[in-house]
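Thanks for making the time this morning. I would like to walk you through a handful of local environments in one model, so please have the sequence and the structure open as I go.

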2 protein chains.
Amino acid sequence: MTFPVVGMVGGGQLARMTHEAGIPLGIRFKLLSDTAQDSAAQVVSEVVVGDYRDLETLRAFARGCDVITFDHEHVPTEHLRALEADGIPVRPGPDALVHAQDKGVMRAKLTEIGAPCPRHRIVKDPADAAAFAHEVGGFPVILKTVRGGYDGKGVWVVRSEADAADPFRAGVPVLAEEKVDFVRELAANIVRSPHGQAVAYPVVESVQVNGVCDTVIAPAPELDERLAGEAQQLALRIAAELGVVGHLAVELFETRGPDGKPAILVNELAMRPHNSGHWTQDGAVTSQFANHVRAVLDLPLGDPRPRATWTVMSNVLGGDYPDMYQAYLHCMARDPQLKIHMYGKDVKPGRKVGHVNTYGDDLADVRERARHAADYLRGTITE
Amino acid sequence: MTFPVVGMVGGGQLARMTHEAGIPLGIRFKLLSDTAQDSAAQVVSEVVVGDYRDLETLRAFARGCDVITFDHEHVPTEHLRALEADGIPVRPGPDALVHAQDKGVMRAKLTEIGAPCPRHRIVKDPADAAAFAHEVGGFPVILKTVRGGYDGKGVWVVRSEADAADPFRAGVPVLAEEKVDFVRELAANIVRSPHGQAVAYPVVESVQVNGVCDTVIAPAPELDERLAGEAQQLALRIAAELGVVGHLAVELFETRGPDGKPAILVNELAMRPHNSGHWTQDGAVTSQFANHVRAVLDLPLGDPRPRATWTVMSNVLGGDYPDMYQAYLHCMARDPQLKIHMYGKDVKPGRKVGHVNTYGDDLADVRERARHAADYLRGTITE
């Protein structure tokens, strides 16, 4: 058996769906998971339960793996360097991944390479945050802990100096950013392999609700063609400059420049399969998960082009209704083309427990079908 | 956790791909496999290694499963009846499955319901086979053991009475069939659920080489529209009359009737996902595997329609070249749209170890791409 073993650190849904995409390629998966009940641990045959923050656990896990990749960005950078020193390929590697782990490092690097960013600087206390607000035209401003945040956690919209105390309580450096008056949010997703091949997916629109991604529309409707090309080029350039291997999501704000023309600013980077790329499972020739696997193994990448005019992804959040399986009857009967992707997670209010994909030629219809299914699965509608 | 557990008997590639299709639905799989190295056992988290011919093994396996389904048709019919008596849903059930297990029972039933079949009867010895040959216009005729055959095994093309001894050596009843002078082989694949919903995939052409399926073209090129409809209706009727639940493949001969018009005869039945339906993984809105899972759980079925003008599946057979992974570099670089499905099996000459799917608008191109990839993976071409 000459097929490689991919070691996946983290047992969440991204690991689950990456494993699913690896099955047809005959790739063997080994999973390091916090618990045996984690989303991916339910479907992977070789699971090690352990703590990714412990270097010896990581080292033992990495033995017998041909490459290590990730479900999340929380593995300490120094541990990744230690694995590399042991001779295990780590993809993306620590020198790239640190830019997705630390928002301060990310902003500094993006500024250095001339990528358009909101105005920003590290602030040392609430008074310094107020000074930053003054520099950018006043409150509100955004404060972020540089490490540990996701899905709106670790991010504060601050309206006054008195309001700015919370972000500093964790003892982690705090990054201040201007609050961008954006038109909408976009994402430019690319996949890059160690030998430098890269593919760019169509730029998508990401609709956020309460700081959490709710719906993704591929491609972003009525997006200026020049801007779409710029966004793809920017993502490819960031990946090359930062040495990213695997899937890179560049979350963007679409704004209006001083000349009134559409422009983009980089919001966040994620170096792993990303929620804004889930539509590719049913909407692209090659999914982000399949291409992530191919990239970390340095295999030639698959075609990222869309298979349908429009594809829409809507997240299924946990509601008050714990039994989503019963909802399958209605959802599948109503829409035989619906694609359901559930993560095997217990339902908790607000938790992402799955997503649905729909596709077709009529965007209004495609959006309505995704919306309906996501709401019905959550239990917020019953017909 | 209210999601059901599907118990899959058999650890081959059909189980592997059915599991893969169940992951997005959040369905939990439990696998009864001959060995821990079987194709599906490599990718399923809950594996019981045991002998499906042993009733107590089956019973212990079935505890904690919400439904039992199959990778193959070899579980003894009486064991399936015992599981049903224990209260475990078995899908397809023994009353249906016996028609795929026993070619004598299958021919008797098909004849009873008026499905078009080659002339046939059970023969008791070589002299009786010669008498049958005389009845249908002379040798050659086909002899088949009624149980235990697959992929050309258990089937003999017999040219004389002296030639007819082998089939009788196993001590299994022998079915004689006329050797049909067919134009080509087709397959009509449908999926049916316990409450009687059914979906029909487009009728495909199945190109056999040495008695083994080599390539499947979906839909069958230049197939008479009336005949395509007849084939789908026939498959739906067989499924309803036999009480099939899950995927049913009806392998057909396309012939010319006495009036010179195209006609069909039933060759074989398979009550499980089938090689002639592998194209649906990349070529249909809902794959045969996803619809099989939905059917055995009595969920509404998914849309069986094609997503591309043409989809072609070519099997990858083992050759002299054991390392198929190295061939990925060439195949993926040459054709970024290629879909590879490997089964994790050791390469042995002639063994089905995977398949490839290609799709597009130009049939000649789509066929060439599938052919090239299958040959390159096998190692029979090197450029």
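**Annotated sites and their surroundings**

Let me begin with the record: an unreviewed UniProt entry lists, under "binding site", Lys103(A), Lys144(A), Glu177(A), Glu178(A), Lys179(A), Val180(A), Glu185(A), Asn267(A) and Glu268(A). Please keep in mind throughout that what we are looking at is a predicted model.

I will take two of the listed positions, starting with Glu177(A), which sits in strand β8 of chain A, residues 174-178. Is Glu177(A) buried or exposed? Its relative accessibility comes out at 3%, so Glu177(A) counts as buried. Setting aside residues up to four places away in sequence, Glu177(A) touches Arg107(A), Pro118(A), Arg119(A), His120(A), Phe132(A), Val141(A), Ile142(A) and Lys144(A). With Arg107(A) there is also a polar contact between the two side chains, at 2.6 Å.

The other position is Glu185(A), which belongs to strand β9 of chain A, residues 184-192. Here the relative accessibility is 13%, and because buried means under 20%, Glu185(A) counts as buried. Its contacts, again without the neighbours within four places in sequence, are Val204(A), Glu205(A), Ser206(A), Gln208(A), Leu252(A), Phe253(A) and Asn267(A), and Asn267(A) is itself among the positions in the UniProt list.

Let me now move to chain B and to a pair of helices. Two packed helices are described by the angle between their axes and the distance between the axes. For helix α4 (residues 94-101) and helix α5 (residues 103-112) of chain B, the axes come within 5 Å and cross at roughly 110°, which means that α4(B) is roughly perpendicular to α5(B). Which residues make the contact? From α4(B) they are Val98(B), His99(B) and Gln101(B), and from α5(B) they are Lys103(B), Val105(B), Met106(B) and Lys109(B). Sorted by class, this contact has three nonpolar, two polar and two charged residues.

Gln101(B) leads us on to Thr77(B), since the side chains of Thr77(B) and Gln101(B) are joined by a polar contact of 2.6 Å. Thr77(B) lies in helix α3 of chain B, residues 77-85, and at 8% relative accessibility it counts as buried. Beyond four places in sequence, Thr77(B) is in contact with Pro94(B), Val98(B), Gln101(B) and Arg147(B).

Further along chain B is helix α6, residues 126-135, in which Asp128(B), Ala129(B), Ala130(B), Phe132(B) and Ala133(B) are buried. The elements covering those buried residues include β5, β6 and β8 of chain B. Just after α6(B), Gly137(B) adopts a positive phi of about 100°.

I will finish with a residue that brings both chains into view, namely Ile23(B), in the loop between α1 and β2 of chain B. At 1% relative accessibility Ile23(B) counts as buried, and, leaving out residues up to four places away in sequence, Ile23(B) touches Arg16(A), His19(A), Glu20(A), Ile23(A), Val43(A) and Met342(A). Within its own chain, the C-alpha atom of Ile23(B) is separated by 9.6 Å from that of Ala290(B), although the two residues are 267 residues apart along the chain.

Conventions: Residues numbered from 1 in each chain as written. Chains lettered and ligands numbered in written order. Predicted model: local features only at pLDDT ≥ 70, side-chain atom pairs only at ≥ 80, totals over all residues. Heavy atoms only, no water. Axes fitted to C-alpha atoms, helices over the stretch in contact; angles between N-to-C directions. Helix = DSSP H or I, 4+ residues; strand = E, 2+ residues; numbered from the N terminus. Parallel < 35°, antiparallel > 145°, perpendicular 65-115°, else oblique. Contact = heavy atoms within 4.5 Å. Nonpolar A, V, L, I, M, F, W, Y, C, P; charged D, E, K, R; others polar. UniProt positions renumbered as here; feature names shortened; annotations may be inferred. Buried < 20%, exposed > 50% of the residue type's maximum accessible area, 1.4 Å probe, protein only. Polar contact = N/O pair within 3.5 Å; in protein donor to acceptor, adjacent residues only side chain to side chain.
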